[in-house]
Amino acid sequence: MEENNLAENNIIEEREKKFFEFLKERQIWVIGVLIVALILGIYIRTLPMADHGGHPGLWDITTNTWTLGPDLDPWLFLRQAKSIVEKGYLPKIDYMRNVPLGFDNSIEVPLLPRMIDWTYQIAKIFKIDANVEYAGVIFPVIMFALTILFFFLFVREIFIKKDKESIIKANIIALISTFLMIVSPAFLSRTVAGIPEKESAGFFFLFLAFYLFLKAWKSKKLMVSVILAVLSG
């Protein structure tokens, strides 16, 4: 009986050893789990675009096209994006704000409507019937995916060292953090489809800057450090 228990314990220990060796030697599992996390996050955020009785949830039955969610600022950014698409530039003065003097567009988030326009131009390549409304709807989901990638890399970079043990720990910590970030209500509400808010792009630039700064801090080569620091800035 004791010999059987000893043999079972040896088998368990051997399997555990092989499992951890697999985690050390093959990092492909990290990419697999990260892809699953991304798919989960994208699925949750695109639920408003799913079919709801013949039409997506984000659908305007009066214009028979995509529409935004119940938030105010995104409608302003979408209108500005339409101006860029139609005229090729963002007008300096918006006469629909602060009537009759108008509002200087150059002093407040001029990048966001341009990013929606870029999304529209890219969407046209893959989706023939794409319009600006569709670009505005899908924009926060795209920014979510990019944000999560750099959030994962940023957290991983905090804990990673040269030894293999730290790499495993860094990967596990980064993946757990990523899953928690994906389902965080505050983050979810600003990156859901149909809400092209400035936060959806802001999160991306925030974690990208943090990641580049950390890489610059850890770099032992002066030139590489300077380049990464400038990119971070």
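In the predicted model, the buried residues of helix α4 pack against α3, α5 and α8. These buried positions are Leu-112, Pro-113, Met-115, Ile-116, Asp-117, Thr-119, Tyr-120 and Ala-123. The helix comprises 16 residues, and its first and last C-alpha atoms lie 23 Å apart, close to the 22 Å expected at 1.5 Å a residue.

One of the partners of α4 is α8, a helix of 21 residues. At 1.5 Å a residue, α8 should span 30 Å, and its end C-alpha atoms are indeed 30 Å apart. Its buried residues are Ser-200, Ala-201, Phe-204, Phe-207, Leu-208, Tyr-211, Leu-212, Leu-214 and Ala-216. Two of these, Phe-204 and Tyr-211, belong to an aromatic cluster that also contains Phe-150 and Phe-205. The structure as a whole holds 12 aromatic pairs. Among them is the edge-to-face pair of Phe-207 and Phe-210, with a centre-to-centre separation of 6.4 Å and an angle of 75° between the planes. Because Phe-207 and Phe-210 are three residues apart in helix α8, about one helical turn separates them. The two rings belong to residues of unlike exposure: Phe-207 is buried, at a relative accessible area of 9%, whereas Phe-210 is partly exposed, at 37%.

Aromatic rings also meet charged side chains. The charged end of Arg-45 sits over the ring of Phe-144, 3.9 Å from its centre. A second such arrangement involves Arg-97, whose charged end sits over the ring of Phe-103 at 4.0 Å from the ring centre.

In soluble globular proteins, nonpolar side chains tend to be buried together. In the present model, the largest nonpolar core has 49 residues, and those with the most contacts inside it are Met-49, Tyr-134, Val-137, Phe-139 and Ile-148. Two or more residues each are given to this core by α2 (28–45), α3 (73–87), α4 (111–126), α5 (132–159), α6 (164–182) and α8 (198–218). The largest share, 15 residues, comes from α5. With neighbours within four places in sequence left aside, Met-49 is in contact with Pro-56, Leu-58, Trp-66, Tyr-134, Val-137, Ile-138 and Ala-193. Two of these partners, Tyr-134 and Val-137, are themselves listed with Met-49 among the core residues with the most contacts.

A buried polar residue is found in helix α6, at Asn-171. The relative accessible area of Asn-171 is 1%, so this residue falls under the 20% limit for burial. Apart from residues up to four places away in sequence, Asn-171 touches Gln-27, Trp-29, Val-30, Phe-152 and Arg-156. One of these partners, Val-30, is 141 residues away from Asn-171 in sequence, yet their C-alpha atoms are 6.8 Å apart in space.

At the level of the whole chain, the fold has nine helices and four strands. Along the sequence these elements follow the pattern α-α-β-β-α-β-β-α-α-α-α-α-α. The radius of gyration is 23 Å, whereas a compact globule of 233 residues would have a value near 17 Å. Along its principal axes, the C-alpha trace spans about 90 × 55 × 30 Å. Of the 233 residues, 39% count as buried. Among contacts between residues at least 6 apart in sequence, 61% join residues at least 24 apart.

Several backbone features of the model fall in loops. Most residues other than glycine have a negative phi, and most peptide bonds are trans. A cis peptide bond nevertheless joins Val-99 and Pro-100, with omega at about 5°. Pro-100 is located in the loop between β3 (93–94) and β4 (103–104). Asn-64, although not a glycine, has a positive phi of about 55°; this residue lies in the loop between β1 (59–60) and β2 (65–66). Val-109 likewise has a positive phi, near 30°, and is placed in the loop between β4 and α4. With a relative accessible area of 29%, Val-109 is partly exposed.

Note on methods:
Residues are numbered from 1 along each chain as its sequence is written. This is a predicted model: local features need pLDDT of at least 70, side-chain atom pairs count only at pLDDT 80 or more; totals for chains, interfaces and linings use all residues. Side-chain values use heavy atoms; hydrogens and water are left out. A nonpolar core is a set of buried Ala, Val, Leu, Ile, Met, Phe, Trp, Tyr and Cys residues joined through side-chain atoms within 4.5 Å. Buried means under 20% relative accessible area, exposed over 50%, partly exposed in between (1.4 Å probe, protein chains only). Contact means heavy atoms within 4.5 Å. Rings of Phe, Tyr and Trp (its six-membered ring) pair if their centres lie within 6.5 Å; planes under 30 degrees apart count as stacked, over 60 as edge-to-face and the rest as tilted. A charge sits over a ring if NZ of Lys or CZ of Arg is within 6 Å of the ring centre and within 35 degrees of the ring normal. The expected span of a helix is 1.5 Å times one less than its number of residues. The radius of gyration is taken over C-alpha atoms; the globule rule is 2.2 Å times the number of residues to the power 0.38.
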